[in-house]
Amino acid sequence: MLFRFQNKIDLVLYNRLLRCFVLIDLKTEKLRHQDLGQMQMYVNYYDRKIRSA
């Protein structure tokens, strides 16, 4: 299999003016309901594991 599914966010930026992180998940297809759930999973994980560290 050439492409493997990975649960990783594509890009994390920090906005210095707003003092917050911006998570970006790039999609090549039309946005689906499952994609929104996946993004919420990324945000929850980031809040629990990365930001609180």
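Tyr46 is buried in this predicted model, with a relative accessible area of 12%. That places Tyr46 below the 20% limit under which a residue counts as buried. Its ring partner is Phe21, and the two form an aromatic pair. Phe21 has a relative accessibility of 39%, so Phe21 counts as partly exposed.

**The aromatic rings**

A pair of aromatic rings is described by the distance of the centres and the angle of the planes. For Phe21 and Tyr46, the centres are 5.3 Å apart and the planes meet at 65 degrees. This arrangement is edge-to-face, because an angle over 60 degrees counts that way.

Which parts of the chain does this pair tie together? Phe21 belongs to strand 2 (residues 20-24), while Tyr46 belongs to helix 1 (residues 33-51), so the pair ties together parts that are 25 residues apart in sequence. The structure holds two aromatic pairs, and ring pairs link Tyr14, Phe21 and Tyr46 into a cluster.

**Between strand and helix**

Let us now turn to the loop. Leu26 sits in the loop between strand 2 and helix 1. Is Leu26 buried or exposed? With a relative accessibility of 62%, Leu26 counts as exposed, because the limit for that word is over 50%. Leu26 can also be placed relative to Leu11: the two residues are 15 residues apart along the chain, and 8.3 Å separates their C-alpha atoms.

**The charged residues**

How many salt bridges does the structure hold? There are three, and the table gives the partners with the separation of their closest N and O atoms.

| Acidic partner | Basic partner | Closest N and O atoms |
|---|---|---|
| Asp25 | Lys27 | 3.1 Å |
| Asp35 | Lys27 | 3.5 Å |
| Asp35 | Arg32 | 3.4 Å |

Lys27 takes part in a salt bridge with Asp25 and also in one with Asp35. Asp35, in turn, forms a salt bridge with Arg32. Salt bridges that share partners thus join Asp25, Lys27, Arg32 and Asp35 into one network.

How do these four residues stand towards the surface? Asp25, at 19% relative accessibility, counts as buried, since the limit is under 20%. Asp35 is buried too, at 6% relative accessibility. Their basic partners read otherwise: Lys27 is partly exposed, with a relative accessible area of 37%, and Arg32 is partly exposed, with a relative accessible area of 45%.

How values were computed:
Residues numbered from 1 in each chain as written. Predicted model: local features only at pLDDT ≥ 70, side-chain atom pairs only at ≥ 80, totals over all residues. Heavy atoms only, no water. Phe/Tyr/Trp six-rings, centres within 6.5 Å; stacked < 30°, edge-to-face > 60°. Helix = DSSP H or I, 4+ residues; strand = E, 2+ residues; numbered from the N terminus. Buried < 20%, exposed > 50% of the residue type's maximum accessible area, 1.4 Å probe, protein only. Salt bridge = Lys/Arg side-chain N within 4 Å of Asp/Glu carboxyl O.
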